[in-house]
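User: I am in my first year and would like a close look at a single part of this protein, with the rest brought in as it helps. Could you take me through it slowly?

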Amino acid sequence: DLYNALKTKQKKLWSAFSPSGVVAINYSASKQPGKDKKSILAVELLGTEAQYQHFPYPLKNLTGKLFFDHNSITVLDVVSQLNPAGKIPDKITLNGKVTSINSSQPIYDISIKANNIPLDSTLARALPPAQRQFHSQFSLAGLADADVKIFTPKQNPCSATFIADVDFKKTSLGIGQSAVVISDIAGNAVFTPELIRVKNLKGRFGKGLVSLTGQIWPGEQAQQFRYDLALQAQQVELNDDFFTLLPASLKKIISVLKPTGRINYHANLKKAGSAEHPDYSIAVDCLGGSVNLEPFPYPLKDISGKLVITQDSVRLENITAVAADNVQIIPETSTIKINGRIELADDAFSTGWFALRANDIFFDERLGRALPETIQPLYQKLSPTGRFDLDLKNMRFFTTETKEEYI
C-alpha cells in the first residue's frame, strides 16, 4: 500500500533499495497562491532493512531519518548494524543529499562512515567486478574501517563515482592458490573504481615483518590485473612457503643454491599491461644463512652481503661466507668472498663472471667430495693436506650452442 502511494520516480528509488520493515512517516503538503505545490515526506527508520542494487551489501537494523521533497533526498544519521551485539560491533553511518532527482542526471553527495566491517564473502558479493576479482585473488579476511564518499564529479556529471579511504586492522591476506598467508595486517589504502592506492600496509609473514606501498589497477579478469608496488621485508625465513612466491627463474636458482636462514629484502614489482610479463627488481641482504651449491656441494654458512635479482640477471655484491663445519683446531677460519653477475636466459643460467677470493681453505675430504667426479680419483691419489688461498679476478662461465657448460 505504501509503495502504491508513491510517485513513479519514488517507486524507482524504492526498487533501487528494496526496503522492508517498519517506518514512521510525516507527510506535509502546502500551496501558496500563484506558486507551485510543495510537499515534504519525512521518514524515520525503525529497524528497517535495505539493499542498494548497485552495491548489494545488506543494511540491517536501520535507524535514522530520510527527507524527500519534490527534487531532493536528504539522508540524516542513517545507521546500519549487522551484528550490534557482537564482541566487536559493526556500524555503518550514512549522511548526505541527492539533488536533481527529477532529472536524468541526479547529483550525489553522500558520505558513509563504516566501522569494523568484516572482509568476508558478503562484502565480496557486493563489490564491483574489478574489486571482487581483487578480493578473491588475495583471499582477504579480517576487519576494516572506511570513510566513503559517493559523489557526482563536476567534470563528469553524467555518472556518480566513489572514493573509499580504508583502514585495515586484524586483517590477513592469502596469495594466489598457495597456502602463504600474511597476517596481522594493519595500514591504509584508498579505493576508487579504477585504482587502489596502497599507502602503507604492514603485516607478518611467518616470523618476519613485511610492508607494502604502491598502486594497483584491478581488472575484471585476473590477466587484467596491473600493479606498481614496493615490498619490504625483514627477518624473513627462507622456507618452502617463501619459495612458492618466487618467479620460475628464481625457483631454479633456489633449487641450485639450497639456501637456509633469514634475509631482509626490498622488491619493486611492476606489471604495466595485461599482455606483459611482470617486471621486478629484488635486493636481498643475507643475514648469516647458509647455502649448499648443488654443482659444487661445499657447504657455506654465516653468509652476508647483497644479491640484486632481476628478470635477466643476478648480481652478487660482497657475498662473504665461512666454510661450514670447520672443526680445525687452528684459530684461522676459512672464508670466501664473491662478487659477480649471472645472466639468465629462458629462466636458466646463461653466462656470467665472478671475482672470488678465499683464504685458509683446507685440503680435506669435504673439498674432495665437492669436486667434479672426473677429478675426485686424482685428488684421492694425491691426498693433499694443508691450506690454500685463491684469488680469481675474472672467472667466467658460459654454455655453448651444443649445451656444454664451461668455466
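Analyst: Before we look at a loop, one term is needed: helices and strands are DSSP runs, of at least four residues for a helix and at least two for a strand, and they are numbered from the N terminus. Please keep in mind throughout that this is a predicted model.

With that term in hand, we can place asparagine 156 in the loop that lies between strand E7 (141–151) and strand E8 (161–174). Its relative accessibility is 34%, and because buried means under 20% and exposed means over 50%, asparagine 156 counts as partly exposed. Leucine 123 is 33 residues away from asparagine 156 along the chain, and the C-alpha atoms of the two are separated by 28 Å.

Helix H4, made of residues 129–138, gives us a view of buried positions, for Ala130, Gln131, Gln133, Phe134, His135 and Phe138 are all buried there. These buried residues of H4 pack against helix H3 (121–126) and against four strands, namely E8, E9 (181–191), E10 (196–205) and E11 (208–217). Strand E8, which borders the loop of asparagine 156, is thus one of the elements that H4 packs against. Just after H4 comes serine 139, whose phi is positive, at about 45°.

A second loop makes a useful comparison, and it is the one between strand E16 (313–323) and strand E17 (335–345), where serine 334 has its place. Serine 334 has a relative accessible area of 1% and is therefore buried, whereas asparagine 156 is partly exposed. The side chain of serine 334 reaches the backbone oxygen of aspartate 360 at 2.3 Å. Serine 334 and phenylalanine 388 are 54 residues apart in sequence, yet their C-alpha atoms are 9.6 Å apart in space.

The strands on either side of this second loop also pair, since E16 and E17 run antiparallel and are joined by 8 bridges. Within that pairing, arginine 315 has arginine 341 in E17 as its bridge partner. E16 pairs with strand E15 (residues 300–310) as well, again in the antiparallel sense and over 7 bridges, and serine 304 stands opposite threonine 320 in E16. E15 and E16 form a hairpin, with 2 residues between them.

Turning to the nonpolar interior, the largest nonpolar core has 88 residues, and those with the most contacts inside it are Phe242 and Tyr265. If residues up to four places away in sequence are set aside, tyrosine 265 touches Leu231, Gln232, Ala233, Val236, Phe242, Ile282, Ala283 and Val284. Phe242 and Tyr265 also belong to one aromatic cluster, together with Phe205 and Phe243.

The structure holds 10 aromatic pairs. In one of them, the rings of phenylalanine 398 and tyrosine 406 have their centres 5.6 Å apart and their planes at 10°, so this pair is stacked. Both partners are partly exposed, phenylalanine 398 with a relative accessible area of 31% and tyrosine 406 with 41%.

Finally, these parts can be set within the whole, which has 8 helices and 20 strands. The C-alpha trace spans about 120 × 45 × 25 Å along its principal axes, and the radius of gyration is 32 Å, where a compact globule of 407 residues would have one near 22 Å. Buried residues make up 36% of the 407 residues.

Technical notes
Residues are numbered from 1 along each chain as its sequence is written. This is a predicted model: local features need pLDDT of at least 70, side-chain atom pairs count only at pLDDT 80 or more; totals for chains, interfaces and linings use all residues. Side-chain values use heavy atoms; hydrogens and water are left out. Buried means under 20% relative accessible area, exposed over 50%, partly exposed in between (1.4 Å probe, protein chains only). A nonpolar core is a set of buried Ala, Val, Leu, Ile, Met, Phe, Trp, Tyr and Cys residues joined through side-chain atoms within 4.5 Å. Contact means heavy atoms within 4.5 Å. A polar contact is a pair of N or O atoms within 3.5 Å; within protein, one must be able to donate a hydrogen and the other to accept it, and residues adjacent in sequence count only if both atoms are side-chain atoms. Rings of Phe, Tyr and Trp (its six-membered ring) pair if their centres lie within 6.5 Å; planes under 30 degrees apart count as stacked, over 60 as edge-to-face and the rest as tilted. Two strands pair if DSSP finds at least two bridges between them. The radius of gyration is taken over C-alpha atoms; the globule rule is 2.2 Å times the number of residues to the power 0.38.
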